[in-house]
Amino acid sequence: MPTGFEVDSSRATTAPSRRLARAASWAPWALAPLAAASFAAPPAPQNAVDKASELSSHKVELRGMQDSLEASEAQRREIEAEIAAIRTDRGKLEAALVETTRSVAGTEAKIGEAEARLDALVGGEEAIKRSLASRRSVIAEVLAALQRMGRKPPPALLVAPDDMLQAVRTSMLLGAVLPEMRAETEALSADLSDLLQLRQSIAIEKDGLAVDAEKLRADRQRLAALIGARQSALTAAEKALGAERDRAMELAKQAATLKDLIARMESEVAAAARGAEAARRADEARLAAESAKSPEARRKLALAPFKDPARLAPATSFVETKGLLPMPVSGTLQRGFGAPDGFGAAEKGMLVATRAEAIVASPCDGWVAFAGPYRTYGQLLIVNAGQGYYIVLAGMDRINVNVGQFILAGEPVAVMGDGSARTAAAVALGAAQPILYIEFRKDGAAIDPGPWWAKPELQKVRG
């Protein structure tokens, strides 16, 4: 038998593709067995060194926590100073609320998109690892062959012309195997490059997510302070407000339908009745004012109905806001109006999956007709938009506006939960994340909200 680089001749004549032509990708950890065999583990450190190292680590961690707390406290003081400066100016307060809510929604959407990209990148990395795991034997063969060739290269005819038989056999073997080895090596090299790029992209996305998460935290802190300032100015008569809340909760238990709930709220709860009356007077005043305006003035107002943050009534009729309303939350549309609801009927509203603790904003100007828990809806908010139109939002974790309060389009009104509360909408979808239910009603009947949304906003929600 010849010595040196030897492979059985029957193996040399068979197609190497059965061993080497499995396409996949490679990761550095495929060489872990070789690396483990080549390097011995370092000796364990002594107990004293361990304790010193642990103490140093704790000091660094505590220092980092202290720095974070100091930065958070400084940020809180800055926000409080800002709130104090605008507390007495309702227009500035409302403008700050709407703008901060818009910033929070934009950051939430940006984080959602980044998380989706990150999931895809991590999925690609895992696919490469799984593929390589199935090819360990092929990689081992390639490496073993290269090592053997390095230790005992083929004979040179000029140096040992008497070893012609071994040279011929080696030449045949190399001619059959080396092309496959080269192709395999090139594939592995390409996969390594792809894996490196994936990991670099993952690192970039994670850094961006960290920055966006910090911005979202700061915006939510500012928003909470603004909401507190707004509500403190509206709840002077706390005892009366508490009594009306109790009455609203009692009506919610008795009302069998949303239509019945709205009717009873506006007839039996003083705050809701005041809101309904304010909506009626606003409709009448707007009709009288619009009849005196020129067509050009009415057109400009219809194009920018949410411009004045100090308004105390809708600047234009709800009908005129078609195609202009912002979505109340950033998320992914799960079911649209009219889609099968899974129980043999059609959906009366829209179901949107959101991030945990997402901020919910009012899609329109209006008066709060109801705010509180209702049956399987979870936390329910009903807004009287005038002209017989009502907006229903349900599935939130908490609501931060009061019955009878006038709210602006884009103003924060509620916060979503973490998905643990199982509302009817979440159960119907079998969803683990929070689900916001949105319904538009006209004179007691559900209508399609589609025509009212601003098209860019609707595209974002559809994903």
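**Figure 1. A salt bridge joins D219 and K215 in the predicted model.** The side chains of D219 and K215 meet with a nitrogen-to-oxygen distance of 3.0 Å. Both residues belong to helix α7, where they lie four residues apart and are therefore separated by about one helical turn. D219 is buried, at a relative accessible area of 13%, whereas K215 is partly exposed, at 37%. Side chains of opposite charge can pair when their charged atoms come close. In total, the structure holds 21 salt bridges.

**Figure 2. E205 is a buried residue of helix α7.** Helix α7 spans residues 164-232 and includes E205. The relative accessible area of E205 is 15%, which means that this residue counts as buried. When neighbours within four places in sequence are set aside, the residues in contact with E205 are A114, R117, L118 and L121.

**Figure 3. Helices α9 and α10 cross at roughly 100 degrees.** Two packed helices are described by the angle between their axes and the distance between the axes. Here, the axes of α9 (residues 258-268) and α10 (residues 270-292) come within 5 Å. The two helices are therefore roughly perpendicular to each other. On the α9 side, the contact involves M265, E266 and E268, which meet A270, A272, A273 and A276 of α10. By class, five residues of this contact are nonpolar and two are charged, with no polar residue.

**Figure 4. Salt bridges occur within α9 and elsewhere, including a network of four residues.** In α9, R264 pairs with E268, and their closest N and O atoms are 3.3 Å apart. R264 and E268 are four residues apart in the helix, so about one helical turn separates them. R264 is partly exposed, with a relative accessible area of 22%, and E268 is likewise partly exposed, at 34%. A network of salt bridges links E277, R280, R281 and E284. A further salt bridge is formed by D443 and K442, with a distance of 3.6 Å between the closest N and O atoms. D443 is exposed, at 56% relative accessibility, while K442 is partly exposed, at 26%.

**Figure 5. Strand β5 pairs with both β4 and β6.** Seven of the eight residues of β5 (residues 379-386) are buried, and the strand is thus mostly covered. Strand β4 (residues 366-373) runs antiparallel to β5 and is joined to β5 by six bridges. Within this pairing, L380 of β5 stands opposite G372. Five residues lie between the strands of the β4-β5 hairpin, in which R375 takes a positive phi near 45 degrees. Strand β6 (residues 389-396) is also antiparallel to β5, and seven bridges connect the two. N384 has Y390 in β6 as its bridge partner. The hairpin of β5 and β6 has two residues between the strands, and Q387 in the turn shows a positive phi of about 60 degrees.

**Figure 6. Strands β3, β9 and β7 form an open antiparallel sheet, in that order.** The edges are occupied by β3 (359-361) and β7 (398-399); each has a single partner strand, so one side of each is left without a neighbour in the sheet. Three bridges connect β3 with β9 (residues 412-415). A361 stands opposite P412 of β9. Helix α5 (residues 90-133) lies across β3 and β9, at about 130 degrees to β3.

Definitions and conventions:
Residues are numbered from 1 along each chain as its sequence is written. This is a predicted model: local features need pLDDT of at least 70, side-chain atom pairs count only at pLDDT 80 or more; totals for chains, interfaces and linings use all residues. Side-chain values use heavy atoms; hydrogens and water are left out. Axes are lines fitted to C-alpha atoms, for helices over the stretch in contact, and angles run from 0 to 180 degrees between N-to-C directions. Angles under 35 degrees count as roughly parallel, over 145 as roughly antiparallel, 65 to 115 as roughly perpendicular and the rest as oblique. Contact means heavy atoms within 4.5 Å. Ala, Val, Leu, Ile, Met, Phe, Trp, Tyr, Cys and Pro count as nonpolar, Asp, Glu, Lys and Arg as charged, and the others, Gly among them, as polar. Buried means under 20% relative accessible area, exposed over 50%, partly exposed in between (1.4 Å probe, protein chains only). Two strands pair if DSSP finds at least two bridges between them.
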